[in-house]
Amino acid sequence: MLASRTSFLRTAAQTLRAQTLRAQRTYATSVASFHGKKNANGNYTVTLIEGDGIGIEISAAVKEIYAAAKVPIEWEPVDVTPILVDGKTTIPKDAVDSVKKNLVALKGPLATPIGKGHVSLNLTLRRTFNLFANVRPCKSVVGYKTPYENVDTVLIRENTEGEYSGIEHVVVPGVVQSIKLITKPASERVLRYAFEYAKSIGKTKVLVVHKASIMKVSDGLFLSTANELAAEYPDIELSTELIDSTCLRLVTDPAPYKEYVMVMPNLYGDILSDLSSGLIGGLGLTPSGNMGDQVSIFEAVHGSAPDIAGKGLANPTALLLSSVMMLRHMGLNDSAVKIEKAVLDTIASGPENRTGDLKGSASTKKFTEEVIKRL
Ligand SMILES: NC(=O)c1ccc[n+]([C@@H]2O[C@H](COP(=O)([O-])OP(=O)(O)OC[C@H]3O[C@@H](n4cnc5c(N)ncnc54)[C@H](O)[C@@H]3O)[C@@H](O)[C@H]2O)c1
């Protein structure tokens, strides 16, 4: 027992040291921005991870729509089936090289085994490419009725540590420990990103969501780092709110949150972003971007939907809107506007053109054709 506890402490210390070093290495880097170059054809090459389950169907829809819209990019599909190197889940080298070369990727959902098997590939991708900030905008879709019509939130989730440090251990049977890791460098990096992101989209308020009333040291560090940084951004008003309070207020009246960019530690971001998706009609509509200092990976927030995979029923909207975020990140604004408008117009055009998750009757194929008609 003592030996196992000592070995846990050693592994935990090693992991902590590695994560802290990783955070410190990127401490002074600027906010993620795109530095990719066009290839000889005048197009950008983008790595495409089609993903599992419905990933194949929704990626096919994206490719068809991009070809019809003549977007100046070429897809480079890669296989991310995990391999174990020295007992660690690892992404195949070809996939890593492709993302490192292109600096940008679009990703479908990847299935994760629960309670056993390889480490989440999504987590592995975030760690491999140091994707420190997960940006999730949620905006009501005009023409698709939900209990709220005025949702327009942006949430930034710390993506590399917190409750997702993966340091867990059975102390004795029936007693387990899980370490929530918060470092100042990683906190500063994501908070700075939030301030810069607010500036870039013309918002003047940043809201830090936390639970420092209970986790005084860990969330307390996140909060004090935010307060220190705020001095560098005199044009941005910093507010703070307890996570439970934010949940209550968001589901009571989301409208006031329009003014803020919200930023928070990992687990709170995971939960609050799904809650926000629910306010606009579900996961099938919500895009996201995982931003790193070198590369960025854009992905739908939903999973591989094994219950409908292969049936031609999946809604490609979330992946399409993620690709629109990607186009904006790459500076391809005209293509972004064109595709976003065609997608939103198709959804607003009526239930016959919407997929089942949006109370419609269209197949993935029919929805894709309708988007192409509206380009
Ligand atoms: N980012 C990711 O890659 C990611 C995210 C979440 C879950 N997952 C993985 O996906 C697998 C399945 O997870 P889950 O079932 O909990 O969540 P899920 O998001 O796959 O499915 C939840 C429900 O939403 C529906 N749904 C999801 N996306 C849809 C779409 N585009 N169109 C229509 N309906 C859609 C599904 O049919 C299902 O009823 C798991 O292995 C999980 O680990 C991956």
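**Exercise 1.** Decide whether leucine 103 is buried or exposed, and place it in the fold.

*Solution.* Start with the area. Leucine 103 has a relative accessible area of 17%. Next, apply the cut-offs: buried means under 20% relative accessible area, exposed over 50%, and partly exposed in between, with a 1.4 Å probe and protein chains only. Leucine 103 is therefore buried. Now place it: leucine 103 sits in the loop between α3 (93-102) and β5 (104-107). Helices (H or I, at least four residues) and strands (E, at least two) are DSSP runs, numbered from the N terminus. Last, check the backbone. The phi of leucine 103 is positive, near 65°, in a residue other than glycine.

The model is predicted; local features need pLDDT of at least 70, side-chain atom pairs count only at pLDDT 80 or more, and totals for chains, interfaces and linings use all residues. Residues are numbered from 1 along each chain as its sequence is written, and side-chain values use heavy atoms, with hydrogens and water left out.

**Exercise 2.** Do the same for asparagine 130: find its loop, its phi and its burial.

*Solution.* The loop between α4 (121-128) and β6 (131-139) holds asparagine 130. Its phi is positive, about 55°, although asparagine 130 is not a glycine. Its relative accessibility is 11%, so asparagine 130 counts as buried.

**Exercise 3.** State which residues histidine 302 touches beyond its neighbours within four places in sequence.

*Solution.* First, locate histidine 302: the loop between β14 (296-300) and α9 (317-329). Then check burial. Histidine 302 is buried because its relative accessibility is 11%. Then list the contacts (heavy atoms within 4.5 Å). Histidine 302 meets Ile54, Ile58, Pro109, Leu283, Gly284, Asn315 and Ala318.

**Exercise 4.** Describe the surroundings of the ligand, then its polar contacts.

*Solution.* Count the shell. There are 20 residues around the ligand (a heavy atom within 4 Å). Leu110, Gly303, Ala305, Asp307 and Asn315 come nearest. Sort by class: the shell has 10 nonpolar, 6 polar and 4 charged residues. Here Ala, Val, Leu, Ile, Met, Phe, Trp, Tyr, Cys and Pro count as nonpolar, Asp, Glu, Lys and Arg as charged, and the others, Gly among them, as polar.

Now take the atom pairs. A polar side-chain atom of glutamate 299 is 3.3 Å from a ligand nitrogen atom. A polar backbone atom of glycine 303 lies 2.7 Å from an oxygen atom of the ligand. For serine 304, a polar backbone atom is 3.0 Å from a ligand oxygen atom.

Terms used:
Polar contact = N/O pair within 3.5 Å; in protein donor to acceptor, adjacent residues only side chain to side chain.
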